[in-house]
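Subject: A structure for you to look at

Hi there,

Here is the structure I promised to pass on. Have it open on your screen while you read, and turn it around as you go.

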Amino acid sequence: MFVEIVFVGLPIDRDEVEEALEAEFELDGEVTGAGSGMGRCHLDLEITDDSDATAALERLRVVLSGLGVADCATLNVSE
């Protein structure tokens with residue numbers, strides 16, 4: 001599963017979010033790309049195909065909420 005996480009008005013450094021996602025998905029996925037510009041930034045998260053999609057998205061939301069950035073994030077999911 002591929003998840004593009006788009007942030008608008010991210011209040012912390014994007015690298016902090018990337019590190020938290022890498023720690024959470026250490027065995028189940030990885031951040032494969034990132035970018036920024038025009039007041040936005042994004043992270044690309046590849047989650048292994050054998051992971052439960054619903055559980056993986058919930059884990060992602062928990063990480064974003066824990067960092068206080070869930071409100072400025074939009075998730076674009078491709079399976």
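Let's start with V69. If you set aside the neighbours within four places in sequence, V69 is in contact with F7, L10, P11, I12, V17 and L64. Please keep in mind that this is a predicted model, so treat everything below as computed from that prediction.

Where does V69 sit along the chain? You will find V69 in the loop between α2 (53-67) and β4. Is V69 buried or exposed? V69 is buried, because its relative accessible area is 0%, and the cut-off for buried is under 20%. It is also worth finding V8 on your screen: V69 and V8 are 61 residues apart in sequence, yet their C-alpha atoms lie 9.6 Å apart in space.

Now for the strands. Strand β1 (residues 2-8) has two partners to look at. With strand β3 (residues 40-47), β1 pairs in the antiparallel sense over 7 bridges. With strand β4 (residues 73-78), β1 also pairs in the antiparallel sense, this time over 6 bridges. A handy residue for seeing both pairings is E4: on one side E4 stands opposite D44 in β3, and in β4 the bridge partner of E4 is N76. While you are looking at the strands, remember that in a regular strand the side chains alternate between the two faces of the sheet.

Next, step back to the whole chain. How many helices and strands does the protein chain have? There are 2 helices and 4 strands, and along the sequence they follow the pattern β-α-β-β-α-β. The radius of gyration is 11 Å, close to the 12 Å that the globule rule gives for 79 residues, so the protein chain is as compact as a globular protein of that length. Its C-alpha atoms fill a box of roughly 35 × 20 × 20 Å along the principal axes.

A few overall values round out the picture. Of the 79 residues, 33% count as buried. Among contacts between residues at least 6 apart in sequence, 67% join residues at least 24 apart; the strand pairings above are a good place to start exploring. The protein chain exposes about 4600 Å², with carbon and sulfur atoms supplying 45% of that area. Finally, there are 4 positive and 19 negative charges, and the mean positions of the two groups are 7 Å apart.

Happy exploring, and send me your questions!

Best wishes

Technical notes. Residues numbered from 1 in each chain as written. Predicted model: local features only at pLDDT ≥ 70, side-chain atom pairs only at ≥ 80, totals over all residues. Heavy atoms only, no water. Rg over C-alpha atoms; globule rule 2.2 N^0.38 Å. Buried < 20%, exposed > 50% of the residue type's maximum accessible area, 1.4 Å probe, protein only. Contact = heavy atoms within 4.5 Å. Areas by Shrake-Rupley, 256 points an atom, 1.4 Å probe, with all protein chains shown as cover. Lys, Arg positive; Asp, Glu negative; His and termini not counted. Charge placed at Lys NZ, Arg CZ, Asp CG, Glu CD. Pairing = 2+ DSSP bridges.
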